[in-house]
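Reader: Could you go through this structure with me, one piece at a time? I am new to reading these.

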Amino acid sequence: MSAIGAIVSPGGVPDEMLDALKGALGRFPHDELGAWRSDRFALGAAILHTTGESREARQPLASADGDCVAIFDGYLLFPDDLTQTLKTKGCEPRSASDAEIALAAYRVWGEDCARHLEGEFALIVADIAKGRLFAACDHMAMVPLYYRFDQGRLLLASDFRTLALISETPLEPEREYFAQLLANRWPLFTATPWRGVKRLVRAHTLVHEGGEDVKTRNYWLPPTDVTIRYARDEEYDEHYRELLFDLVRRASRTDRPLAAAVSGGLDSTALFCIADRLAGEGQLLAPHLRGYTFTASADSNAYELPFALAAGRHTGREITQCELFDPDVEWYTRDALEHRDVPAPSNGAMMLGIDRQVAADGCRVIINGSGGDQWLQGSRHYYREFAREGAFGEIARAMRDDVGWMGLPRALTTAARHTSAEMLPRSVYSAIRRGLRPFRRRGQNALSWLRPDLRAMLERAEDAYRAELPDDVIAWIKHNLARTPRADLSFSLMWRQRADIGVTSRQPMWSQRFIEFSCRTPARIKMQGGVNKRVHRRAMRGILPTKVLDRFSKANFTNTAIDCQFADYVRKNGTERLLDLCEREGVERILDVDFASPEGDLWAWEIWGLYATATFLYHQSQMNAADGPLHSPDTN
């Protein structure tokens, strides 16, 4: 995992600012640390090599003519294919490094280069000849990039700490961001915990040509039409299996041992078993494969060890067992202070035990099954697709399957609701949805702990977000899954957690081609009757052990003990800090919940949001002043 940063200063970048940039980035584990400056541009990069190819180019990387200089964090899924295309365009990359290929893509396509870069990445290019700075992030912004204007300068960095250390003016909390954090409703695309600091939105590019202005542009949206149709289900299974094998193979590109998180779930375990098959066939792009799992107690919400060990027996590989990382509330508070950010949620911090062991074992890349729940999980919207196509025989067959799982009354109601909704005129259906929206909001969490102005702000932001989504319900669902900022917090927090210890994650099930397969195939291949992830289960038969393949349970990774500590922290330190954002009575009602009871699980995100906001506001002045070493805080 690398870290990058840039400064655009109209009057030139002073020595002390360049030194601050290089020093801030140098706090991350790295194999090389570089900085470059020319006139009003400065770039810095702390590069941790995860592939042999990455060693072929030193960053910041200048073009042969010196007109452009680039920094790149992440990896490309299809570097060889892109290299061949660039050759036909007369711009052959000078090396096989992803940074060199990305720079060549910019030289050929300019601002449109991001359309050709598939993978997980952030790219910044100082285009000296054109006097502009260009930046891009991947289609899901899995590699974060933030920016702000400070004293007339544009500052960009992978993390808030670097931005704070190269800024002349202190950062101040962003009230609207904390409103969505407290509500666990995420309609604000660019917002971050700091006022004036913006996130580069997923699937967007940024161009700065002067002044205090940037232009951002979207370069990718998920497809909405079903265009992959086969006569037999087995053909979908074969297509899916071929796609997933190829994505795992490409994501395995590293010159160190490849780590795989093996939770025991359908998705992560499948990637591990596929990697094992690839290794056996000599196709894995890594010298070795290692599996890692949790050792939670049998009565905890995170106990999946029997399923992970079944994968080990199935492949004949040892699964390294790591204790679940379970620190106290002081660790989370130091985590926020260290990173100038909100603290990690407990289900993210749990992974730190595995991440540290992966790094200790010499691995730098870990693959995981994140994205499977979003893109493989089925829904009853197959009734809508059948109704749209006039496939009434398919509706009858789907109802028969659903009756066997949910019973006749519920199956009839489900089929009638989805089918009739699809057959209504679009204008009528849209009017009904608009009319029901206020009632749905009343039925949702009332957000009584937020101040009225922030509740109103969130509702306006949600309305604006929905207005950008397609009217068609099926298309709406696909766009919402790919565009909602809800996952941005998870991506950025896991990036920073792993960047601290020199590990990078790769997530084939969030890849652009995986998402496009999901969007372009019929809904029925994902769910039938009570079986979800149907195409995945069918395609993985013989690859996954039966114990995993046939499971329908799922760990929820909640932690009632730390939730109780979060609540105690808010009671002791946070209530007064929250009054600019919250109603006292509403906060007290949440704090009255027994977080050690099953009811506490239902409020886990809300109590974390209250704690995260309280500790951030309590320590925000220290965050601007602190300048300690960058590393994950230990448990002491």
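Reader: Which residues of α19 are buried?

Author: In this predicted model, the buried residues of α19 are A487, D488, L489, F491, S492, L493, M494, W495, R496, Q497, R498 and A499. That is 12 of the 14 residues of α19, so the helix is largely enclosed by the rest of the structure.

Reader: And where does α19 sit in the sequence, and what does it line?

Author: Helix α19 runs over residues 486-499, and it gives the most to the lining of the largest cavity, with 4 residues. The whole lining is made up of P144, Y146, S158, D159, F160, H339, D341, S492, L493, W495 and R496, and among these S492, L493, W495 and R496 also belong to the buried residues of α19.

Reader: How many cavities are there, and what volume does the largest have?

Author: There are 4 cavities of 30 Å³ or more in the structure, and the largest has a volume of about 90 Å³. As for how such spaces are found, rolling a probe the size of a water molecule over the atoms shows where empty space is left.

Reader: What classes of residue line the largest one?

Author: Sorted by class, its lining has 5 nonpolar, 3 polar and 3 charged residues.

Reader: Let's look at another helix. Which residues of α24 are buried?

Author: Helix α24 covers residues 584-591, and its buried residues are G586, V587, I590 and L591. Because these four cover an arc of only 140 degrees around the axis, they are on the same side of α24. The general background is that an α-helix has 3.6 residues a turn, so residues three or four places apart point the same way.

Reader: Changing topic, how many disulfides does the structure hold?

Author: The count of disulfides is 0. To take one cysteine, C113 is in no disulfide, and the nearest cysteine sulfur, that of C68, is 10 Å away. C113 itself is buried, with a relative accessible area of 0%.

Reader: Why is there no bond between C582 and C564?

Author: The closest cysteine sulfur to that of C582 is the one in C564, but the two are 20 Å apart, so they are too far for a bond; for a disulfide the sulfur atoms would have to be within 2.5 Å. C582 is also buried, with a relative accessible area of 2%.

Reader: What about charged side chains: where is E304, and is it buried or exposed?

Author: E304 lies in the loop between β14 (289-294) and α8 (305-315), and it is buried, with a relative accessible area of 6%. Its side chain makes a polar contact with the side chain of R551, at 3.0 Å.

Reader: And what does the side chain of D472 contact?

Author: D472 is found in the loop between α17 (452-468) and α18 (473-483). A polar contact of 2.5 Å joins its side chain to that of R388, and the D472 side chain also reaches the backbone nitrogen of I474 at 3.2 Å.

Reader: I also wondered about distance in sequence against distance in space. How far apart are M140 and W510?

Author: M140 and W510 are 370 residues apart in sequence, while their C-alpha atoms are 7.7 Å apart in space. M140 lies in the loop between β7 (132-137) and β8, where it is buried, with a relative accessible area of 0%.

Reader: And how far apart are A6 and P508?

Author: A6 and P508 are 502 residues apart in sequence and 29 Å apart in space, again from C-alpha to C-alpha. A6 has its place in strand β1, which spans residues 3-8, and it is buried, with a relative accessible area of 0%.

Reader: One more topic, the backbone. Which of the peptide bonds is cis?

Author: One that is cis is the peptide bond from Q59 to P60, with omega near -5 degrees. P60 is placed in the loop between β3 (41-47) and β4 (61-62).

Reader: What is phi for Q151, and is that residue buried or exposed?

Author: Phi of Q151 is near 55 degrees, a positive value in a residue other than glycine. Q151 is in the loop between β8 (146-150) and β9 (153-157), and it is exposed, with a relative accessible area of 53%. For N184, phi is likewise near 55 degrees, and that residue is in the loop between α5 (175-183) and β10 (198-199).

Key
Residues numbered from 1 in each chain as written. Predicted model: local features only at pLDDT ≥ 70, side-chain atom pairs only at ≥ 80, totals over all residues. Heavy atoms only, no water. 1 Å grid on protein atoms, 1.4 Å probe; cavity = no way out; pocket = protein on both sides within 12 Å on 5 of 7 lines; lining within 4 Å. Points joined across faces, edges and corners; volume = space filled by probe spheres on them. Helix = DSSP H or I, 4+ residues; strand = E, 2+ residues; numbered from the N terminus. Nonpolar A, V, L, I, M, F, W, Y, C, P; charged D, E, K, R; others polar. Buried < 20%, exposed > 50% of the residue type's maximum accessible area, 1.4 Å probe, protein only. Arc of directions from axis to C-beta. Polar contact = N/O pair within 3.5 Å; in protein donor to acceptor, adjacent residues only side chain to side chain.
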